[in-house]
Amino acid sequence: AAGVMLTLPVQADAKSTGKLSKNIKWSLNSDETVLTITGKGTVDIRKFRKEGRYKWPGSEAGQPAIFDKLVFGEGITTISSGFFCIEGIKTISLPKSFKKIKASNEMDAVNGSFEPYSTTLKKLQVSKKNKKFSVSKGVLYSKDKKKLYIYPSGKTEKKFAIPSKVTKICRRAFYGNSIESVIMGNKLREIGRQAFAKTELKSVKLPKSLKIIEDSAFDSTQISSVELPKGLKRVGNHAFGNIKDLSTIIVRCNCKLSYVFADSGFQTNLQTYDRENYTDFRIVLGKELNATIYRLFTDFTDHIRLGKMKVEVEKGNKTYYIKDEAVYAKRGDRLKESFKKLNGKVIFMKKWRQLAIVTLCLMAALTMTMTADAKTKKKQPSGKVCSGVKWTYNKKSKTLTITGKGYAKITGFYDKSLSSYE
């Protein structure tokens, strides 16, 4: 009888080792699912990257890591910020020698994570003998607790009270976390770039002590209202950008507010002019406000155009006032800014300088004339797209009809003064 050969599966060793660079080594304990990195100096996460994909010890290239704990040994001083983005990892342990997180301008989504953050990282640890960092409840702080560096993106608590000693929330500290409510201490002075971006934050009260909010700090959150305290000295671009549910702003600070609320207050990713897509917006000019504020309203051109903007002046404000449903600002005897109501739309104007928004006022007046003509003559609104091509709009059926000969250019609907399609 022919002999039968049995092939038994070969079991990989529970422990394996490797080298990242001259001074950096790794060892994997697959039984305990722990990857330990040892050596001296900086650990660059890109050393694990092969042909555009990460290859972790024990895994194929592009596959998730099989370890859930990452330990950096004594002698490691600097690590890449990307290590905090590894999907599947739960704990990161940092040594006494650890001094710095090296941030890259463009953080990568690391094996399995759609965005550059980990949904599974819940806990950070650091040696008690470390002179620069400390940990409390899994959150990484400076040793003196004045800086909050990383709130793990996989932590599941919905509310968090930032310790009263904290004066700065660092770059991307809460990025991508599911946190919904944060209580800030009265010593907080600075909120870093993208600190709360992509979180599920629904409410936040900014303390009076706050001086700086960096770019995109609250971008793509779920905040419905925000009050900018009097003491703010700088608010960065898109600090409150891309917030669909934002509907109320109370302004008490006198710093420049330019592109702070860009792309906020409408319920679609497409900038269409359907009125129902836009939030009914309310801006309150606080009693402390006395600065020129026309740049604030450039973020809400469409809300103004669609009559979805309401402006209020708080009692006690000595600079702005309301008269005949319009808001005015007075500097001596010279009116510099105003809101005027045209055809049910509140239009912002800056009298001492010609701006694109002045063109918006003229367009609103033209719209009002066309509406009046349509009512008296009972004609459908119509206009010219380009040479040889015209349009008519049936309000009842909500149908736009384009007629003529030749090439119908979509740019015929583009208004350069507003940088948008009309």
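Reader: What makes E227 partly exposed in this model?

Author: The relative accessible area of E227 is 38%, and because buried means under 20%, exposed over 50% and partly exposed in between (1.4 Å probe, protein chains only), E227 is called partly exposed. Salt bridges that share partners join E227 with R252, E288 and E314 into one network. This is a predicted model, in which local features need pLDDT of at least 70 and side-chain atom pairs count only at pLDDT 80 or more, while totals for chains, interfaces and linings use all residues. Residues are numbered from 1 along each chain as its sequence is written, and side-chain values use heavy atoms, with hydrogens and water left out.

Reader: Why is the contact of R252 with E227 called a salt bridge?

Author: The closest N and O atoms of R252 and E227 are 2.6 Å apart, and a salt bridge requires a side-chain nitrogen of Lys or Arg within 4 Å of a carboxyl oxygen of Asp or Glu, so the pair qualifies. R252 lies in the loop between strand 23 (248-251) and strand 24 (281-285), whereas E227 belongs to strand 21 (residues 225-228), so the pair ties together parts that are 25 residues apart in sequence; strands here are DSSP runs of E with at least two residues, numbered from the N terminus.

Reader: How do you know whether R252 is buried or exposed?

Author: R252 has a relative accessibility of 13%, and therefore counts as buried.

Reader: What makes K155 and E157 a salt bridge?

Author: Their closest N and O atoms are 3.7 Å apart, so the pair meets the criterion; K155 is buried at 9% relative accessible area, whereas E157 is partly exposed at 38%.

Terms used:
Helix = DSSP H or I, 4+ residues; strand = E, 2+ residues; numbered from the N terminus.
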